[in-house]
Amino acid sequence: MAWWLPLALGGPKAQSGDMLRPIRLVLSDPALRLAAVLLVLFGAHAATMGPYVSALAIKVFGLSDRAYSGVLMVASVLSVSASVGLGILADQRANRRAIALGTSAMLIVGSGLVLAGDNWVVFVIANALILPLSASIFGQLFALSRLAASTHPTEDRPAILSTLRALFALPWVVVLPIWSVVFDRGAAMTSIYPVTLTLGATILALTFLFWPRDGATRWPDPKSGLTFRQSLHEMANLPILARVVALGTINGSIMLYLVVMGLVFEATPGRGAADTALYAGLMAGLEVPFMLALPLVLGRIERTTMIWIGAALYATHLGLLPLLAPTPYVWFLALPGAIGGAVVLTQPMAYLQDLLSNRPGAGASLMALQKLAGDGFSAAIFAIGTALAGYELAAAAGALLGVAGAGALWAMDRRAARS
């Protein structure tokens, strides 16, 4: 049996019965506390920009559905290439602080460029070439979190990482209702950019001031000793790569939700940007308590089974969203979406990090590869679905693909366990 299979199937059991213990551990550890604050700020950045990028591209800057699909694909390839390269580099040189500073600076450059230019050219440059580079800060934050969590008891680590992922979702609860009110009062959608610029500057400043100095951390962080080619070969192991692709289908359904949601509400009579913010905020508001409750069941249900159940619930919300958008029943979809989202936003990440647990940077790179697969799936489904039958087909196809991928992951681990 492969060395990574026990970790992939379940991982160490978390202590149960105390939902607040992981929060106390995070708040008492300086590095985990910094990661928590930065994840909240990065979550606020994502909540401010993510739900509106597709509507900005098509409704404000005049891109076609096909052109925006191209932007998504270019951004995905560049984002993953940067994340993989920087993850390997961080393992090789153990210079995580320097890499975090460089990637967080891209948040400022991307938003500042759109503010300065305010036309489709700079929008495409920012979203296809610059902001994708900043996305790797997410992986670096979880590499830092995993290293800092290594100083805590083994049974606490899954709960710590799950709690940190919940903190990334927390700002959506606050930020999106605020944007709902702002847009309802007639503000232009481009008003998000001064806010994202401010958030990016804050992230950069806190990273500079408080990120642990390279070579002076409380935990061991030795250089990997692998060449770039050896690191890529380690990540390209077929069983690992197959699982990354399977999880990519689930990530694709998440990305498709972010792309389709704003467009569905914009295209529905009586709906608009305020409804987009309200729905996304409701989803996030429900996801957070479910994420915080996950440590109570971690280790009791096999991780791949949990992922499959979560993918099915998330598919229900995604597939029905375009159909129910004109009705008041659309708001009820947030409940299965949030329960499924709590699982599919946390457990695939932990699964991938456990596959290469001795390489924090490479583990973060696997998350980036999963995102590349997911972005590729979502861009292709969006392009084909909208060309053939509109947003309804795109959402339904993305939902079915996510469930199929989760089932394939479960089957692969069952087969490996029997061999």
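**A pocket between H3 and H10 residues, and a kinked H9**

Helix H3 (30-49) and helix H10 (192-210) each supply at least two residues to the lining of the second largest pocket. The model is predicted. H3 makes the largest contribution to this lining, with five residues. The volume of the pocket is about 210 Å³.

The full lining consists of Pro30, Ala31, Arg33, Leu34, Val37, Leu206, Phe210, Pro212, Ala216, Thr217, Arg218 and Trp219. Nine of the lining residues are nonpolar, one is polar and two are charged. Arg33 and Arg218 are the charged pair, because Arg counts as charged. Thr217 is the polar residue, because Thr is among neither the nonpolar nor the charged types.

Arg218 sits in the loop between H10 and helix H11 (228-235). Beyond its neighbours within four places in sequence, Arg218 contacts Asp29, Pro30, Ala31 and Thr151. Pro30 and Ala31 also belong to the pocket lining. Arg218 and Leu147 are separated by 71 residues in sequence. Their C-alpha atoms lie 9.2 Å apart in space.

Helix H9 spans residues 157-184, 28 residues in total. The distance from its first C-alpha to its last is 42 Å. This is close to the 40 Å expected at 1.5 Å a residue. H9 nevertheless carries a kink of about 30° at Phe168. The proline Pro171 follows shortly after the kink. After H9 comes Gly186, with a positive phi near 100°.

Confidence varies along the chain. The mean pLDDT of the protein is 84, and 93% of its residues reach 70 or more. Among the elements, H10 has the highest mean pLDDT, at 95. Helix H1 (residues 5-9) has the lowest, at 47. Residues 1-9 have pLDDT below 50, yet this stretch has 27 contacts in the model beyond near neighbours in sequence. Over residues 11-17 the pLDDT also stays under 50. There the model has 19 contacts beyond four places in sequence. Where pLDDT is low, predicted coordinates should not be read in detail.

Technical notes
Residues numbered from 1 in each chain as written. Predicted model: local features only at pLDDT ≥ 70, side-chain atom pairs only at ≥ 80, totals over all residues. Heavy atoms only, no water. 1 Å grid on protein atoms, 1.4 Å probe; cavity = no way out; pocket = protein on both sides within 12 Å on 5 of 7 lines; lining within 4 Å. Points joined across faces, edges and corners; volume = space filled by probe spheres on them. Helix = DSSP H or I, 4+ residues; strand = E, 2+ residues; numbered from the N terminus. Expected span 1.5 Å × (residues − 1). Bend = angle between axes of the 7 residues up to and from the residue. pLDDT = per-residue confidence, 0-100. Contact = heavy atoms within 4.5 Å.
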